[in-house]
Amino acid sequence: MRRLEGRVAMVTGGANGIGRGCALRLAEEGAALAVVDREADTLEALTAEVEALGGTIFTRAADCTSPDAARAFVADAETHFGKIDVLVNNVGQGARERKSSFLDSDEEVWRFVLEINLLTTMRFSRHVAPGMVGRKHGRIINMASEAFLTGPVGSHDYAAAKGGIVGFTRSVARELAPNGVTVNALLPGPIMTRALSTSNDPVVHETMKSVPVGFVGEPEDIAAMAALLASDEGRFITGQSIVVNGGRWWV
């Protein structure tokens, strides 16, 4: 299917994992891509893959937690393509090697996790939304997590950040709906990304064993839902928190 012919999609943190999966699926659907990520080498690999599909891509290696870098990338992408129709706010991560119990946690780590997940989502949305409103059409897809629902021990900061994304999604969806802009959140469960495959966290490995469908998801499973929400077929879906987790948890 080529549901996104003539559209331009921006993906943050799009060179690896779920972001990469979303970028490739949107390119397969016909969208031109604007992708930002910290890793220049993986951006080059993504560029080669997209061009092999016959797609168009504009990339930049930059830190999405930098307000100036985010503003500049959006401005330059809009200049390059003339518009942004779809925004996938994918950049984010947990505390990883600094993960701890709440009682042993450090505020510096909280701030990092909130910044890279919640504030980047708000920041890129704020830069892209005015153009969407002006054109009376747009799709914003925010990457939350089932951690918001399950509240895993040691993920107090990550669960809080992802819960913030859900609340942000609902509020902005209501505000932008009259202007033809939909805003939704995806809540992935265990997905086989680089971070998951290299994790030594026993909680992560127990989570991977608890998926009712019997397997861990792939980035393509999240990308398929993102493609639906990005397309005209998703026009009547907004403000939603869509859990994609193999039945591990539900709302």
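**Entry 1. Cysteines**

I began with Cys64, which is buried, with a relative accessible area of 5%. The model I am reading is a predicted one. I then asked which cysteine sulfur is closest to that of Cys64. The closest belongs to Cys22, and because the separation is 14 Å, I regard the two as too far apart for a bond. I also looked up Cys22 itself, which counts as buried because its relative accessibility is 0%. With a cut-off of 2.5 Å between cysteine sulfur atoms, I recorded zero disulfides. Cys22 accordingly takes part in none.

**Entry 2. Helix α1**

Cys22 led me to helix α1, where it is listed among the buried residues. I noted that the others are Ile18, Gly19, Gly21, Ala23, Leu24, Leu26 and Ala27. The helix covers residues 17-28, twelve residues in total. From first to last C-alpha I found 17 Å, close to the expected 16 Å. Just after α1, I noted a positive phi of about 105° at Gly30.

**Entry 3. The sheet**

I next asked in what order the strands of the sheet are arranged. The sheet is open, has seven strands, and reads β3-β2-β1-β4-β5-β6-β7, with parallel pairing. At its edges I found β3 (57-61) and β7 (241-244), each pairing on one side only. From one strand to the next, the twist averages 15°. As a reminder to myself, strands of a sheet pair through backbone hydrogen bonds.

I examined one pair in detail: β4 (residues 86-89) and β5 (residues 138-143) are joined in the parallel sense over four bridges. In one of these I located Asn89, whose bridge partner in β5 is Asn142.

**Entry 4. Helices on the sheet**

I then asked which strands are touched by helix α6 (residues 156-176). Packing on the sheet, α6 touches β5, β6 and β7, and its direction makes about 160° with that of β6. Helix α4 (residues 107-135) lies across β1 (8-12), β2 (32-37), β4, β5 and β6 (181-188). I recorded that α4 runs at about 175° to β4.

**Entry 5. The whole chain**

I closed with the chain as a whole, which holds nine helices and seven strands. Its radius of gyration is 17 Å, which agrees with the value near 18 Å for a compact globule of 251 residues. The C-alpha atoms fill a box of roughly 50 × 35 × 35 Å along the principal axes. I found that buried residues make up 50% of the chain. Of the contacts between residues at least 6 apart in sequence, 74% join residues at least 24 apart.

Definitions and conventions. Residues are numbered from 1 along each chain as its sequence is written. This is a predicted model: local features need pLDDT of at least 70, side-chain atom pairs count only at pLDDT 80 or more; totals for chains, interfaces and linings use all residues. Side-chain values use heavy atoms; hydrogens and water are left out. Two strands pair if DSSP finds at least two bridges between them. Helices (H or I, at least four residues) and strands (E, at least two) are DSSP runs, numbered from the N terminus. Axes are lines fitted to C-alpha atoms, for helices over the stretch in contact, and angles run from 0 to 180 degrees between N-to-C directions. Contact means heavy atoms within 4.5 Å. The expected span of a helix is 1.5 Å times one less than its number of residues. Buried means under 20% relative accessible area, exposed over 50%, partly exposed in between (1.4 Å probe, protein chains only). The radius of gyration is taken over C-alpha atoms; the globule rule is 2.2 Å times the number of residues to the power 0.38.
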